Amino acid sequence: MASVIIPPVLSSPRDDAIQLHRAFKGFGCDTTTVINILAHRDATQRAYLKQEYKTMYHEEVSKRLSSELSGNTKKSVLLWMHDPATRDATIIRQALGGEGVVDLKAATEVICSRTPSQILQFKNIYFATFGVYLEHDIGFQASGDHKNLLLAYVGTPRYEGLEVDRATVEYDAKALFKAGEKRLGTDEKTFIQIFSGRSSAHLAAVSAAYHSMYGSSLEKAVKKETSGYFEHALLTILRCAEHPGMYFAKVLHKAMKGLGTDDSTLLRVIVSRAEIDLQFIKAEYRKKYGKTLSDAVHSETSGNYRAFLLALLGPNH
């Protein structure tokens with residue numbers, strides 16, 4: 001179920017465009033107005049606003065935002081202006097070295113936490129926007145088992161329903177035990193085949209079956225048998241199959257833990273989950289860490305950047 005973002009005022013795209021243009025005029029930018037408008041508009045409303053702004057002022061609103069804002073405020077607002085599939089394609093392209101810096105962890109997180117239909121959408125947009133196939137960039141930047149898993153994951157159509165076949169579940173649990181904990185060394189191909197080819201509901205059932213059959217968790221087996229980006233990809237797939245809200249609550253907690261804040265992860269997760277499951281992530285965060293996600297973000301950020309993320313997070317209940 002998607003988080004619902006309710007506009008504080010019922011204004012038309014034209015009204016929004018006029019207000020934004022006013023906020024850009026004069027000395028400096030009225031960032032508070034920009035945030036108050038944009039953070040409370042859903043993907044459809046933002047698309048109409050972009051269209052209206054271009055018609056009225058003959059420039060892209062994102063281009064103007066890019067020149068008016070700076071730092072993490074600029075990064076998060078520009079990401080938010082995309083529709084979800086274009087946003088994912090953009091994040092992955094940047095993470096695969098589109099701007100010179102490679103962040104395989106971010107690319108893996110986005111790819112391995114999305115549904116098959118979301119993957120299909122951002123793959124098409126990736127090619128249409130950047131003129132190169134996603135598989136090409138994965139092949140160029142990733143390597144070994146990690147590369148093979150990502151390529152299989154973006155290339156395999158998977159069932160998205162909740163039904164599972166008990167016999168296949170047990171078969172897969174046995175196959176994973178044989179491929180990992182039962183033998184010396186690891187049969188990575190079996191892990192890749194099952195983790196990339198099965199539905200989320202099926203994988204969650206395999207995880208439960210594995211535990212009841214062998215008395216230890218599949219997650220522990222993955223940690224013991226694999227490492228590096230390959231391990232990260234397998235764990236992301238497994239954790240998102242079992243409980244995506246919990247997975248992202250942990251990712252956000254890690255981004256804010258200790259000295260300094262991992263802002264690229266913080267803004268990427270909040271912005272990209274805001275219209276998907278942010279309310280579930282907030283609930284899991286509070287349950288696990290005993291404080292609200294908004295309070296955590298408030299203490300780790302400042303200024304307009306803080307104001308924008310808190311506006312996306314919504315009320316603290």
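Helices here are DSSP runs of at least four residues, numbered from the N terminus. With that numbering in hand, Glu109 is found in helix H7, which covers residues 104–112. The structure is a predicted model, and a look at its overall build helps to place this residue and several others.

The chain contains 20 helices and zero strands. Its radius of gyration is 21 Å, close to the 20 Å that the globule rule gives for 317 residues, so the chain is as compact as a globular protein of that length. Taken along the principal axes, the C-alpha atoms fill a box of roughly 70 × 45 × 40 Å. Of the 317 residues, 46% are buried. The accessible surface amounts to about 15,400 Å², and carbon and sulfur atoms account for 53% of this area. Contacts also reach across the sequence: among those between residues at least 6 apart, 69% join residues at least 24 apart.

Back in helix H7, Glu109 offers a good place to see such packing up close. Glu109 has a relative accessibility of 3% and counts as buried, because the cut-off for that class is under 20%. Leaving aside residues up to four places away in sequence, Glu109 touches His232, Thr236, Tyr247, Phe248, Val251, Thr265, Arg268 and Val269. Three of these names appear again in helix H17, where Thr265, Arg268 and Val269 are among the buried residues. Helix H17 spans residues 263–273 and is mostly covered, with ten of its eleven residues buried. The buried set also includes Asp263, Leu266, Leu267, Ile270, Val271, Ser272 and Arg273.

Charged side chains form a second theme. The chain carries 40 positive and 35 negative side chains, and the centres of the two sets lie 2 Å apart. A search of the whole structure finds 16 salt bridges. One of them pairs Glu219 with Arg239, whose closest N and O atoms are 2.8 Å apart. Glu219 lies in helix H14 (residues 218–225) and Arg239 in helix H15 (residues 228–242), so this pair ties together parts that are 20 residues apart in sequence. Arg239 itself is partly exposed, at a relative accessible area of 22%.

Another salt bridge involves Arg273, one of the buried residues of helix H17. Arg273 pairs with Asp277, and the closest N and O atoms are 3.0 Å apart. Both partners are covered: the relative accessibility of Arg273 is 4%, which counts as buried, and Asp277 is buried as well, with a relative accessible area of 8%.

A further bridge joins the side chains of Glu284 and Lys287, with an N to O distance of 3.4 Å. Which helix holds Glu284 and Lys287? Both lie in helix H18 (residues 278–289), three residues apart, about one turn of the helix. An α-helix has 3.6 residues a turn, so residues three or four places apart point the same way. The two partners nevertheless contrast in their cover: Glu284 counts as buried at 8% relative accessibility, whereas Lys287 counts as exposed at 65%. Salt bridges can also share partners, and in this way Arg46, Arg87 and Glu275 are joined into one network.

Methods. Residues numbered from 1 in each chain as written. Predicted model: local features only at pLDDT ≥ 70, side-chain atom pairs only at ≥ 80, totals over all residues. Heavy atoms only, no water. Salt bridge = Lys/Arg side-chain N within 4 Å of Asp/Glu carboxyl O. Helix = DSSP H or I, 4+ residues; strand = E, 2+ residues; numbered from the N terminus. Buried < 20%, exposed > 50% of the residue type's maximum accessible area, 1.4 Å probe, protein only. Rg over C-alpha atoms; globule rule 2.2 N^0.38 Å. Contact = heavy atoms within 4.5 Å. Areas by Shrake-Rupley, 256 points an atom, 1.4 Å probe, with all protein chains shown as cover. Lys, Arg positive; Asp, Glu negative; His and termini not counted. Charge placed at Lys NZ, Arg CZ, Asp CG, Glu CD.
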